[in-house]
Amino acid sequence: MFKELLKVLGESLRNEEYASRNGLLQAVDPRFKLVCFFSLIVVTVLLQSVLQFLLMLFFLIVLAAASRIPQRAFFGRTSLVLVFSLIIVLPLPFITPGSPCLIFPLGPWLLILSYEGVYSAALFTMRVWVSVGALTLLTLTTRFTALLHSMDRLHFPKLFIQLTSLTYRYIFLFTDEAYRMGLAREARMVRKERIVHLRTLRTISSMIGTLFIRAFERGEKIYQAMLARGYSGETRLLSQLQSGGKDWGFAVGLLFLALLIYFAPFISPVPFIGGWF
Amino acid sequence: MHIPDGFLTLVLCAVMYAITILFLIIAFWRTNRILSEKQIPLMATLTAMFFTAQMMNYPIIGGTTAHLLGGPILAITLGPYAGLISMTIILLIQALFFGDGGVLTFGANVFNMGVVGTFIPFLVLFAFLKVKPNRNSLLIGGFLGAFLGDLGAAVAAGLELGLSYPTFPYGVSIALTAMVIHHSIIGIIEGVATLVILLTLHKARPDLLSLKRVAPIITGDLPPLMEGK
């Protein structure tokens, strides 16, 4: 149960590495990226056919490749939500009424998969997968601090930005602390707990209680340390965000291609049939 | 509980954003007035701590796991509005850094876990302490508040999913039933965890249970705990 904590630390280190690679998306101003990807996800949610989703997915894969994000990282991050949505749509082909497309004999019964059910299951899964893919691409190519910085420049509330950047910094500290507490607890145990769930629940909860107290005490110390360094309730940032022609070019190109995919059924010389294509 | 992008219709996403932003405006206004800059690092460390706590999974029977949401305990210690801000930050980092939840559904997620998930526990505990401000009310009210808060958040999520039909392939009746059944188990866990954390705090640092809270104007702060029988 403490392994997740280590995974988080490892994953965030890898994120930093991907975000500092010399690729297409990494070079774009994070403000532009934030707005562009938000619009891209809006367009994705509005798509109506499986072929459009495939086109969008292909577009994302090309962007990932141009940003030197390994395919494994991109698909690995999106696989969890893919499996989750597949489980959700699993009953759909059987319960949706419509023309049968596959019939399995199952003992004395017949298992009938309807065409409409399979279609709506595919549509839902693809929509979720592609929108999550777009968000993943944004997070893999942008440092979290850069995203926060651009939110600040896009006039999000100051208190919110300040709190978030402080919180982000301390996540790693507490993750490390919680992991050490868990390790110490396991070291004190005579045998591995298996079935006694209630006791596990109690131990973890009281650990969280202890962590809470430590967090509180740390918060007081941090404030004093900040005061000693001249904190006056305002944060000043050193780095400047600069946007230029290439950022506008990127934004226009990305949105043009997204809209092209959206309008594809109306401008395609080959008719899109049956919703699938 | 974290609804990813693509589950909800755009119109519903926009409506949930509008409702959540309304709550957030009030929350920032109240927090700026009540908390001084001294509390900012404190709120940040507590938020970071609950982010960590959310990653510690409890095994439940059947091989599945559940984790703490943290909303109830944040609402009890910092007040529901400050709890809402903390939950917003947690959800933002989860969405933008770990891909848990989405950006279009962000408003809905904040509403479920940050608004419903903090205000219900606060109000339930408020009612309990109003009747009898002792340790037992704190523990029972904390447990029940956390349970009902989790259930309320699940009901809100189920309704949002169901109302998104046909973008979400099931209607209100199925979505709501599934969410409520699942989260009545998770709610009990959240309740027990909240109770144990309250117990730890009450024993080790009872002063942490009487911090300055950002509470709604109508109810005011929680009644102070009376010690001794």
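Me: Why does A:Asp29 count as buried?
Reply: In this predicted model, A:Asp29 has a relative accessibility of 4%. Buried means under 20%, and 4% falls under that cut-off, so A:Asp29 is buried.

Me: What makes the pair A:Arg31 and A:Asp29 a salt bridge?
Reply: Look at the closest N and O atoms of the two residues: they are 2.9 Å apart. A side-chain nitrogen of Arg has to be within 4 Å of a carboxyl oxygen of Asp. With 2.9 Å the pair fits, so it's a salt bridge.

Me: And A:Arg31, buried or exposed?
Reply: Buried: its relative accessible area is 16%, and the limit is under 20%.

Me: How do you know that A:Asp152 and A:Lys158 meet in a salt bridge?
Reply: Same kind of check. The N to O distance is 3.3 Å, and the rule asks for within 4 Å, so this pair passes too.

Me: Why is A:Lys158 called exposed?
Reply: Exposed means over 50%. A:Lys158 comes out at 51%, so it gets the label. Its partner A:Asp152, at 17%, counts as buried.

Me: What makes B:Arg205 and A:Glu217 a salt bridge?
Reply: Their closest N and O atoms are 2.7 Å apart, and that is within the 4 Å allowed, so the name applies.

Me: How do you know that this pair joins two chains?
Reply: Check where each residue sits. B:Arg205 is in the segment after α7 (172-204) of chain B, while A:Glu217 is in helix α9 (residues 197-228) of chain A, so the pair links two chains.

Me: Why is A:Glu217 called partly exposed?
Reply: Its relative accessible area is 34%. Partly exposed covers what lies between the 20% and 50% cut-offs, so 34% belongs there. B:Arg205, at 19%, is buried.

Me: What makes B:Val196 and B:Thr200 a polar contact?
Reply: The backbone oxygen of B:Val196 is 2.8 Å from a polar atom in the side chain of B:Thr200. The cut-off is within 3.5 Å, so the distance fits.

Me: Where is B:Thr200, and which residues does it touch?
Reply: You'll find B:Thr200 in helix α7 of chain B. Leaving out residues up to four places away in sequence, it touches A:Ser206, A:Gly209, A:Thr210 and B:Arg205. At 16% relative accessibility, B:Thr200 is buried.

Me: How many salt bridges are there over all chains?
Reply: There are 12. Some form a network, which links A:Asp176, A:Glu177, A:Arg180, A:Arg214 and A:Arg218.

Methods:
Residues are numbered from 1 along each chain as its sequence is written. Chains are lettered from A and ligands numbered from 1 in the order in which they are written. This is a predicted model: local features need pLDDT of at least 70, side-chain atom pairs count only at pLDDT 80 or more; totals for chains, interfaces and linings use all residues. Side-chain values use heavy atoms; hydrogens and water are left out. Buried means under 20% relative accessible area, exposed over 50%, partly exposed in between (1.4 Å probe, protein chains only). Helices (H or I, at least four residues) and strands (E, at least two) are DSSP runs, numbered from the N terminus. A polar contact is a pair of N or O atoms within 3.5 Å; within protein, one must be able to donate a hydrogen and the other to accept it, and residues adjacent in sequence count only if both atoms are side-chain atoms. Contact means heavy atoms within 4.5 Å.
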